[in-house]
Amino acid sequence: MTKCNGCGIELQDNDINSLGYTDNLSNKLCNRCFRLTNYGEYKKVSLNNNDYTKIIKSIPNDSLVLYTTDFLSLNIDNIDKFKQVLLVITKRDIIPRSVKEYKIINKLKKILPNIIDIIIVSSINNYNIDELYNKLIKYSDNKDIYVVGYTNTGKSTLVNKLIKNYTNYNYKITESMYPSTTLDIVKIKLNNLTIIDTPGLIDENNIINYLEKEELKKVLPKSSINPKTCQINGKGSIIIDKYLRLDYETNNTNSIIIYSSRLLDIKFNSIDNNKYKEYNKYTFNIDKGKDIVIRGLCFIKTTKEIKINIYIKNIKPVIRENLI
Ligand SMILES: Nc1nc2c(ncn2[C@@H]2O[C@H](COP(=O)(O)OP(=O)(O)O)[C@@H](O)[C@H]2O)c(=O)[nH]1
Ligand SMILES: [Mg+2]
């Protein structure tokens, strides 16, 4: 049985419409990875969380789990399924420069007292990758290291960075902005370490699973996130591109701060305008200690307590203690 070097799926030459197809079984990549890597062509796959859950369940308790999450979602649901966790916050390059790393780390350590360690990295900027590699050597104890986390958090890119920095292999796992690029486990020897890239979990509550190519390019931040501060007083509405409407009502001055990709269009609108009122409505009373997170799109803070209505489709906002 030969597996695709890019996504881990078993190669086959019988059915051009099924996953793993290649016209020559001696190829290293399946057609899907070949076309994605060389032409940016994307073919949606319909794996579901059952497939991933099976993979997650097969991870031995004593192996080191490198759990990835990116700054925009900071989704750590499911982290408690693993015993030995090194939490890796990926994409440091999109975190605003003003954000102090130690503050995020300290807050997360309080929420997650049982994990081994936390590190913030950027594969694109090669930031903290040596430190991560040293931690892998320190904590792995000759056991396999599984890279786990939600899709699109940068797992495969990180493994490729490790391959590039610490081996002579001319080898790359397929990485892309599309969710569900990696389809099965991909095992890599990194000198004395064994790293296993996994497809990751699908977060049905993340907007990226509902977007087409051009929208993904806009929503996924390419550079440092610029918080946008909206000064408010009275009644009004803030429209975030075509994705979200936020209605507010306040008797004093307040600020709503939105952390998102710079390419999103954020505008004020009058409360009487009906734009996006057909989306699902969620009401929140929040204060300055909380963030409203629209996973994959943005997170929102305020400087004082306020009641707001959010209109959005497909996904639900979640509330968390603010991390920055
Ligand atoms: N800005 C930024 N983007 C990254 C970084 N690492 C990965 N990405 C992007 O995140 C997307 C998902 O990456 P991928 O490695 O395929 O994620 P996976 O699904 O977790 O394996 C791709 O568009 C990558 O280019 C990073 O360090 N910084
Ligand atoms: Mg991947």
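The paragraphs below walk through a predicted model, beginning at its ligand and moving outward to buried polar residues, salt bridges and two backbone angles.

A useful place to begin is ligand 1, which has 16 residues around it, and of these Asp93, Asn152, Lys155, Ser156 and Thr157 come nearest. Oxygen atoms of the ligand meet the protein in several ways. A backbone N or O atom of Asn152 lies 2.7 Å from an oxygen atom of ligand 1, while Lys155 uses its side chain, placing a polar atom 2.8 Å from an oxygen atom of ligand 1. Ser156 contributes a polar backbone atom, and the distance from this atom to an oxygen atom of the ligand is 3.0 Å. Taken on its own, ligand 1 has 590 Å² of accessible area, and the protein covers 90% of that area.

From Ser156 the path leads to Thr182, since the side chains of these two residues make a polar contact of 2.9 Å. Thr182 belongs to the loop between helix H5, which spans 155-166, and strand E5, which spans 186-190. Although it sits in a loop, Thr182 counts as buried, because its relative accessible area is 6%, a value under the 20% limit for that class. Besides Ser156, and leaving aside neighbours within four places in sequence, Thr182 is in contact with Cys7, Tyr52, Thr174, Asp197, Thr198 and Pro199. Asn152, already met at the ligand, is 30 residues away from Thr182 in sequence, and their C-alpha atoms are 9.6 Å apart in space.

A second buried polar residue is Asn254, which has its place in strand E8, residues 244-260. With a relative accessible area of 3%, Asn254 is buried, and its side chain takes part in two short polar approaches. One is a polar contact of 3.0 Å with the side chain of Thr303, and the other reaches the backbone nitrogen of Lys304, also at 3.0 Å. The wider surroundings of Asn254, apart from residues within four places in sequence, include Cys230, Gln231, Ile232, Thr302, Glu305 and Ile306.

What does a buried charged residue do here if it has no salt bridge? Lys301, in strand E12 (residues 298-302), is such a case: the nearest side chain of opposite charge belongs to Asp291 and is 4.5 Å away, whereas a salt bridge requires the nitrogen to be within 4 Å of the carboxyl oxygen. A polar atom of the Lys301 side chain does, however, lie 2.7 Å from the backbone oxygen of Ile324. Not counting residues up to four places away in sequence, Lys301 touches Ser255, Ile256, Ile257, Tyr259, Lys290, Asp291, Asn322 and Ile324.

Side chains of opposite charge can pair when their charged atoms come close. The structure holds 16 salt bridges, and one of them links Lys91 with Asp70, the closest N and O atoms being 3.9 Å apart. Lys91 lies in the loop between strand E2 (84-90) and helix H3 (101-111), while Asp70 lies in strand E1 (residues 64-70), so this pair ties together parts that are 21 residues apart in sequence. The two partners also differ in their exposure class, as Lys91 is partly exposed at 25% relative accessibility, whereas Asp70 is buried at 9%.

Another salt bridge joins Lys267 and Asp265, with an N to O distance of 2.8 Å. Here Lys267 counts as partly exposed at 47% relative accessibility, and Asp265 counts as partly exposed at 38%. Elsewhere, salt bridges that share partners join Asp62, Asp141 and Lys143 into one network.

Within that network, the closest N and O atoms of Asp141 and Lys143 are 3.6 Å apart. Asp141 is exposed, with a relative accessible area of 53%, while Lys143 is partly exposed at 30%. Asp141 is found in the loop between helix H4 (129-140) and strand E4 (145-149), and its backbone deserves a look as well, for this residue has a positive phi of about 55° although it is not a glycine.

Asn191 likewise has a positive phi of about 55° without being a glycine. Its position is in the loop between E5 and strand E6 (193-197), and at 43% relative accessibility Asn191 counts as partly exposed.

Terms used: Residues numbered from 1 in each chain as written. Chains lettered and ligands numbered in written order. Predicted model: local features only at pLDDT ≥ 70, side-chain atom pairs only at ≥ 80, totals over all residues. Heavy atoms only, no water. Helix = DSSP H or I, 4+ residues; strand = E, 2+ residues; numbered from the N terminus. Buried < 20%, exposed > 50% of the residue type's maximum accessible area, 1.4 Å probe, protein only. Lys, Arg positive; Asp, Glu negative; His and termini not counted. Polar contact = N/O pair within 3.5 Å; in protein donor to acceptor, adjacent residues only side chain to side chain. Contact = heavy atoms within 4.5 Å. Near = heavy atom within 4 Å. Areas by Shrake-Rupley, 256 points an atom, 1.4 Å probe, with all protein chains shown as cover.
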